[in-house]
Amino acid sequence: MIVRLAKTVVMVGMMGAGKTAVGTALARQLGVPFLDSDEEITRAADRSIAEIFERDGEPFFRARESEVISRLLRGTPCILSTGGGAFLSAANRRMIHEVGVSVWLRAELDLLWQRVRHKTTRPLLRTANPRETLRALYEARMPLYAEADLVVDSTPDLSVEDMAHCVRQALLTRPDVLEE
């Protein structure tokens, strides 16, 4: 079945929600490019996100993140995975809503913790109590993620491919985004 993606689909949500994995699978299913804003930032800066946070601080990183998202939204429609904090910016939310469509991969806190607890690449979790830090981030971010255009629930029993299919089904409810 041939589909046409008319707008960039921006995957938003907490770290560990599956934005990159599901976004990659969705792009493959739709036959469109997949981009990751974090990868674009690290490539441009020639350093890891953790190094950017450490050297330049979070405000510097967030400014670069907004610039990258703006640039990618103006390009060929694609599936774009963003970092967990990208959608917290009102300017980013507005820009994504006006030019693309946001999809919140909503996941329960326990599932997120299972997925991120052994990762050393999460600068925001480099704290004395990373589980509590994740909980605080989760509670603070939920109301902002709820502003996403579409919501797809992430559950531990669904494979990445099944989750991508769920997102595709949600996108089909938006004829301005995906046409079959």
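Begin by selecting strand β2, residues 9-12, together with strand β5, residues 101-106, in this predicted model; the two strands pair in the parallel sense, and four bridges hold the pairing. Within this pair, show the side chains of Met 11 and Val 103, since Met 11 stands opposite Val 103 in β5, and then add Val 12, which stands opposite Trp 104 in β5.

Keep β5 selected and colour its residues by burial. Of the six residues in β5, five are buried, and the strand is accordingly described as mostly covered. Now turn to the other neighbour of Trp 104, for this residue also stands opposite Val 151 in β6. Strands β5 and β6 run parallel and are joined by four bridges.

Next, widen the selection to the whole sheet. What is the order of its five strands? Reading across the open sheet, you pass β3, β4, β2, β5 and β6 in that order, with parallel pairing. At the edges are β3, residues 34-36, and β6, residues 150-153, each of which pairs on one side only. If you look across the sheet, ignoring strand direction, you will find neighbouring strands turned against each other by 25 degrees on average.

From the sheet, move to helix α5, residues 90-99, and show Asn 92, Arg 93, Met 95 and Ile 96, which are its buried residues. Around the helix axis they cover an arc of only 165 degrees, so they lie on the same side of α5. To see what the buried residues of α5 pack against, add β2, α4, β5 and α7, the last of these being residues 130-145.

Now select helix α3, residues 49-56, in which Ile 49, Ala 50, Ile 52 and Phe 53 are buried. Looking down the axis of α3, you will see that these buried residues fall within an arc of 165 degrees, and therefore they line one face of the helix. The cover over them includes α2, residues 37-45, and α4, residues 58-73. Rotate to the face of α3 that is turned away from the buried side, and you come to Glu 54 and Arg 55, both exposed. Following the chain onward from α3 brings you to Gly 57, a residue with a positive phi, near 90 degrees.

Go back to helix α2 and pick out Arg 43, which is found there. Is Arg 43 buried or exposed? Its relative accessibility is 57%, and because exposed means over 50%, Arg 43 counts as exposed. Its side chain is joined to that of Glu 40 by a polar contact of 2.9 Å. For a sense of distance, select Asp 157 as well: Arg 43 and Asp 157 are 114 residues apart in sequence, and their C-alpha atoms are 34 Å apart in space.

End the tour in the largest nonpolar core, which has 56 residues. Which of its members touch the most other members? They are Val 9, Ile 79, Val 167 and Leu 171. Centre the view on Val 167 and, leaving aside residues up to four places away in sequence, show the residues that Val 167 touches: Met 11, Val 22, Leu 26, Val 103, Leu 105 and Val 152. Two of these names will be familiar from the start of the tour, where Met 11 stood opposite Val 103 in β5.

Technical notes:
Residues are numbered from 1 along each chain as its sequence is written. This is a predicted model: local features need pLDDT of at least 70, side-chain atom pairs count only at pLDDT 80 or more; totals for chains, interfaces and linings use all residues. Side-chain values use heavy atoms; hydrogens and water are left out. Buried means under 20% relative accessible area, exposed over 50%, partly exposed in between (1.4 Å probe, protein chains only). The arc is that of the directions from the helix axis to the C-beta atoms. Contact means heavy atoms within 4.5 Å. A polar contact is a pair of N or O atoms within 3.5 Å; within protein, one must be able to donate a hydrogen and the other to accept it, and residues adjacent in sequence count only if both atoms are side-chain atoms. Two strands pair if DSSP finds at least two bridges between them. Axes are lines fitted to C-alpha atoms, for helices over the stretch in contact, and angles run from 0 to 180 degrees between N-to-C directions. A nonpolar core is a set of buried Ala, Val, Leu, Ile, Met, Phe, Trp, Tyr and Cys residues joined through side-chain atoms within 4.5 Å.
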